[in-house]
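Thanks for coming. I will put the model up now and then go through a few points on it.

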Amino acid sequence: MTNSKLPTDMFPERLKAARDLRGWSQNDLALRCGMPQSSVGHFEGGTRKPSFDTLSRLANALEVTADYLLGRVDDPGRAEAGDPLFRDIGKLSGGDRELAKDFLQMLASRNQSKK
């Protein structure tokens with residue numbers, strides 16, 4: 001673990017940090033995960049802990065690793081982080097991430113039409 005805090009202590013901070021990085025409200029994250037906004041509030045407040053399934057849904061929605069949310073690693077990036085194309089994507093805001101995704105989709109479509 002990269003921090004002296006326990007994963008259960010780190011989770012509320014990391015969840016809020018990842019959500020804030022995307023520029024999302026608690027409700028935005030809850031909608032993306034299919035859960036009530038109050039659940040996200042409880043997780044961030046430290047009054048409830050997520051199940052494994054919920055932890056996975058939160059990590060997927062935020063596009064970070066579960067290890068990041070648990071404080072085991074400091075880099076929020078995914079396994080693609082080794083690829084220069086994806087190295088800094090975890091550091092983008094929600095709007096910039098959408099813009100980057102749209103741009104990559106446009107390039108992929110353009111490349112596919114050339115074949």
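I will cover the core, one arginine and a surface patch.

This is a predicted model, where local features need pLDDT of at least 70, side-chain atom pairs count only at pLDDT 80 or more, and totals for chains, interfaces and linings use all residues. Residues are numbered from 1 along each chain as its sequence is written, and side-chain values use heavy atoms, with hydrogens and water left out.

The largest nonpolar core has 18 residues. Such a core is a set of buried Ala, Val, Leu, Ile, Met, Phe, Trp, Tyr and Cys residues joined through side-chain atoms within 4.5 Å; buried is under 20% relative accessible area, exposed over 50%, and partly exposed in between, with a 1.4 Å probe and protein chains only. Among the members that touch the most others are Phe-11, Leu-58 and Leu-69. Helices H1 (7–22), H2 (26–33), H3 (37–45), H4 (52–62) and H5 (66–69) each give two or more residues, and H4 gives the largest share, 5 residues. Helices here are DSSP runs of H or I, at least four residues, numbered from the N terminus.

Leu-69 touches Arg-14, leaving aside residues up to four places away in sequence; contact means heavy atoms within 4.5 Å. Is Arg-14, in helix H1, buried or exposed? Arg-14 counts as buried, because its relative accessibility is 10%. A polar atom of its side chain lies 2.8 Å from the backbone oxygen of Tyr-68.

Last, the surface. Leu-104, in helix H6 (residues 94–114), is partly exposed at 31% relative accessible area.

Technical notes:
Polar contact = N/O pair within 3.5 Å; in protein donor to acceptor, adjacent residues only side chain to side chain.
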